Amino acid sequence: MTNSNIPAGSDTPQLMFWKRTCQLTGGLLLIWFSLIMAALFFARELANVQWFGWNLSFYLAAQGLTLSFVILIGIYALAMRALSRRLADSREHA
C-alpha cells in the first residue's frame with residue numbers, strides 16, 4: 001500500500017524514519033529470540049555451571065533473560081530518541 005503523493009523511489013524523512021524503525025525493531029526482536037533459544041538449547045550444559053549457588057540455567061531463566069529484555073528496551077528507547085531527533089532536524093532544515 002503506497003501513498004500516491006509520494007513519488008516512487010524517493011526517500012522522504014518520514015519514510016526513512018519508518019524503515020529504520022522497522023529495522024531496529026526486527027533486529028532487537030531477533031536478538032531477543034536468539035537469546036531465548038540459546039538459553040533453551042544449552043540448558044543441560046548450563047545446568048552443570050554454578051552461579052552464586054544456583055544452576056546457571058535457572059539463573060538465566062529467572063533473571064538473565066528478563067534483564068536482557070529490559071536492556072533491549074533501553075536500547076530501543078535510546079535509538080528511537082536519536083531517530084526522532086534526526087527526523088525533527090530534517091524537518092527544520094527542509
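User: Buried means under 20% relative accessible area. Why does Thr21 count as buried?

Analyst: In this predicted model, Thr21 has a relative accessibility of 9%. The cut-off for a buried residue is under 20%, so Thr21 is placed in that class. Thr21 belongs to helix H1, which spans residues 13-41.

User: What does Thr21 touch, residues up to four places away in sequence not counted?

Analyst: With those neighbours set aside, Thr21 touches Tyr76, Met80 and Leu83. Contact here requires heavy atoms within 4.5 Å.

User: What makes the approach of Thr21 to the backbone oxygen of Phe17 a polar contact?

Analyst: A polar atom of the Thr21 side chain lies 2.7 Å from the backbone oxygen of Phe17. The limit is a pair of N or O atoms within 3.5 Å, and therefore the distance of 2.7 Å meets it.

User: Why is Trp18 called exposed?

Analyst: Trp18 has 54% relative accessibility, and exposed means over 50%, so Trp18 falls in the exposed class. Like Thr21, Trp18 lies in helix H1. The C-alpha atom of Trp18 is separated by 9.7 Å from that of Leu83, although these two are 65 residues apart along the chain.

User: How many aromatic pairs are there?

Analyst: The count comes to two aromatic pairs. One of them joins Trp32 and Phe69, with 4.9 Å centre to centre and 40° between the planes.

User: Why is the pair of Trp32 and Phe69 called tilted?

Analyst: A pair of aromatic rings is described by the distance of the centres and the angle of the planes. The centre distance of 4.9 Å is within the limit of 6.5 Å, so Trp32 and Phe69 qualify as a pair. Planes under 30 degrees apart would be stacked and planes over 60 edge-to-face; 40° is neither, and the pair is therefore tilted. Trp32 is in helix H1 and Phe69 in helix H3, so the pair ties together parts 37 residues apart in sequence.

User: Are Trp32 and Phe69 buried, exposed or partly exposed, and how do you know?

Analyst: The relative accessible area is 30% for Trp32 and 37% for Phe69. Partly exposed lies between under 20% and over 50%, so both residues are partly exposed.

User: What makes the pair of Phe41 and Phe42 edge-to-face?

Analyst: The ring centres of Phe41 and Phe42 are 4.9 Å apart, and their planes stand at 85°. That angle is over 60 degrees, so the pair is edge-to-face. Phe41 itself is exposed because its relative accessible area of 64% is over 50%. Phe42, at 41%, counts as partly exposed.

User: Why does Phe58 count as partly exposed?

Analyst: The relative accessibility of Phe58 is 45%. This value is neither under 20% nor over 50%, so Phe58 is partly exposed. Phe58 lies in helix H3, residues 56-93. From Leu46 to Phe58 the C-alpha distance is 8.6 Å, with their positions 12 residues apart in sequence.

User: What makes Phe58 eligible for the nonpolar surface patch?

Analyst: A patch residue needs over 30% relative accessible area, and Phe58 has 45%, so Phe58 meets that condition. The patch covers about 540 Å² and is made by Trp51, Phe52, Trp54 and Phe58.

User: Which elements does the protein chain have, and in what order?

Analyst: The chain has three helices and two strands, running α-α-β-β-α from the N terminus on. Of its 94 residues, 13% are buried.

Definitions and conventions:
Residues numbered from 1 in each chain as written. Predicted model: local features only at pLDDT ≥ 70, side-chain atom pairs only at ≥ 80, totals over all residues. Heavy atoms only, no water. Helix = DSSP H or I, 4+ residues; strand = E, 2+ residues; numbered from the N terminus. Buried < 20%, exposed > 50% of the residue type's maximum accessible area, 1.4 Å probe, protein only. Patch = residues over 30% accessible without salt bridge, like charges linked within 9 Å, V, L, I, M, F, W, Y side chains within 5 Å. Areas by Shrake-Rupley, 256 points an atom, 1.4 Å probe, with all protein chains shown as cover. Salt bridge = Lys/Arg side-chain N within 4 Å of Asp/Glu carboxyl O. Polar contact = N/O pair within 3.5 Å; in protein donor to acceptor, adjacent residues only side chain to side chain. Phe/Tyr/Trp six-rings, centres within 6.5 Å; stacked < 30°, edge-to-face > 60°.
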